Amino acid sequence: MRIRFSEISPNGNRYEFNELGGIRDQEILSLGHNSKAEVVLVKKSDTQVELSGTIKAVPEIICDRCLEPFGYVLETSFHLLFEVSGKNKWRMREVECASEELDTIELDEPSIDLIEIIRQQILLSLPVKKICSTECKGICSYCGVNLNTESCRCSQQANNSPFAILAEYKKKQK
Ligand SMILES: [Zn+2]
Ligand SMILES: [Zn+2]
């Protein structure tokens, strides 16, 4: 959904998204039906638009430990400044804007792809370590069983595994 600067009023345009199902990424399997975003665009000048937005979503992502998908509850708000560069390279930066320390995004043309901005903000809000639950037991490194749903006997046999034998051997070397 592309919004041209010419469509944006100085008083602000509000956009609501009640379905973000179209947003996918390598890291995001799907976005829950309850996902919502709200974006307000305010035209500051012909070359500057300020954006403030909030996202509430439950992206389905893969747990780093057990490799199963889970819904991550995400809530974020953001504030960005869009500035057309390109032909207007001569322009002077307004001091007011610089002091506000908004993240500034340079554009080649005076239009903003709102869905793309929302997608990026969701990705930025994902945790570095994606864990389905603090109690997640992960998968067995020997047989690959998901230890949250099944148990295996590897830990009992661990002493006979090639790795354990190797570890034992290394200990003896010291
Ligand atoms: Zn997990
Ligand atoms: Zn196992």
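**Reading a predicted zinc-binding chain**

Q: In which element do R119 and E116 lie, and how many residues apart are R119 and E116?

A: Both R119 and E116 belong to helix α2, where they are three residues apart, about one turn of the helix. Please keep in mind that the model is a predicted one. The side chains of R119 and E116 meet in a salt bridge, with a distance of 3.1 Å from N to O.

Q: Which residues do salt bridges that share partners join into one network?

A: The network consists of D25, E116 and R119. Besides the contact with E116, R119 forms a salt bridge with D25, whose closest N and O atoms are 2.5 Å apart. D25 lies in the loop between β2 and β3 and R119 in helix α2, so this pair ties together parts 94 residues apart in sequence.

Q: Are the members of this network buried or partly exposed?

A: A residue is called buried when its relative accessible area is under 20% and exposed when it is over 50%, with partly exposed in between. D25 is partly exposed at 21%, R119 is partly exposed at 21%, and E116 is partly exposed at 25%.

Q: How many salt bridges are there by the rule used here?

A: The count is five. One of them joins E50 and K44 at 3.4 Å, N to O. Here E50 counts as buried at 15%, whereas K44 is partly exposed at 46%.

Q: What elements does the chain have, and in what order do they run?

A: There are four helices and 10 strands. From the N terminus on, the order is β-β-β-β-β-β-β-β-α-β-β-α-α-α.

Q: Where should one look for the nonpolar core, and which element gives the largest share of it?

A: In soluble globular proteins, nonpolar side chains tend to be buried together. In this chain the largest nonpolar core has 33 residues, and those with the most contacts inside it are L41, L51, I112, L114 and I118. At least two residues each come from β2, β4, β5, β8 and α2, and β8 gives the largest share, five residues.

Q: Which residues are the protein donors of the zinc ion (ligand 1)?

A: The donors are the SG atoms of C63, C66, C132 and C136, at 2.3 to 2.4 Å from the ion. Angles of 104 to 114 degrees among the four donor atoms make the site tetrahedral. C63, in the loop between β6 and β7, and C132, in the loop between α2 and α3, are 69 residues apart and link distant parts of the chain. C63 is buried at 0%, while C132 is partly exposed at 30%.

Q: How are the donor residues of the zinc ion (ligand 2) spaced in sequence?

A: Their spacing is C-x2-C-x8-C-x1-C. These donors are C140, C143, C152 and C154, each through SG, lying 2.2 to 2.3 Å from the ion. This site is tetrahedral as well, with angles of 104 to 113 degrees.

Q: Which residue that is not a glycine has a positive phi?

A: Most residues other than glycine have a negative phi. L67 has a positive phi of about 65 degrees, and its place is in the loop between β6 and β7. L67 also helps to form a nonpolar surface patch of about 300 Å², together with L29, I62 and I139. Within this patch, L29 is partly exposed at 36% and sits in the loop between β2 and β3.

Definitions and conventions. Residues numbered from 1 in each chain as written. Chains lettered and ligands numbered in written order. Predicted model: local features only at pLDDT ≥ 70, side-chain atom pairs only at ≥ 80, totals over all residues. Heavy atoms only, no water. Donors = N, O, S within 2.8 Å, 3.2 Å for Na, K, Ca; no water. Tetrahedral: all angles 85-135°; square planar, octahedral: opposite > 155°, others 65-115°. Patch = residues over 30% accessible without salt bridge, like charges linked within 9 Å, V, L, I, M, F, W, Y side chains within 5 Å. Areas by Shrake-Rupley, 256 points an atom, 1.4 Å probe, with all protein chains shown as cover. Salt bridge = Lys/Arg side-chain N within 4 Å of Asp/Glu carboxyl O. Buried < 20%, exposed > 50% of the residue type's maximum accessible area, 1.4 Å probe, protein only. Core = buried A, V, L, I, M, F, W, Y, C linked by side-chain atoms within 4.5 Å.
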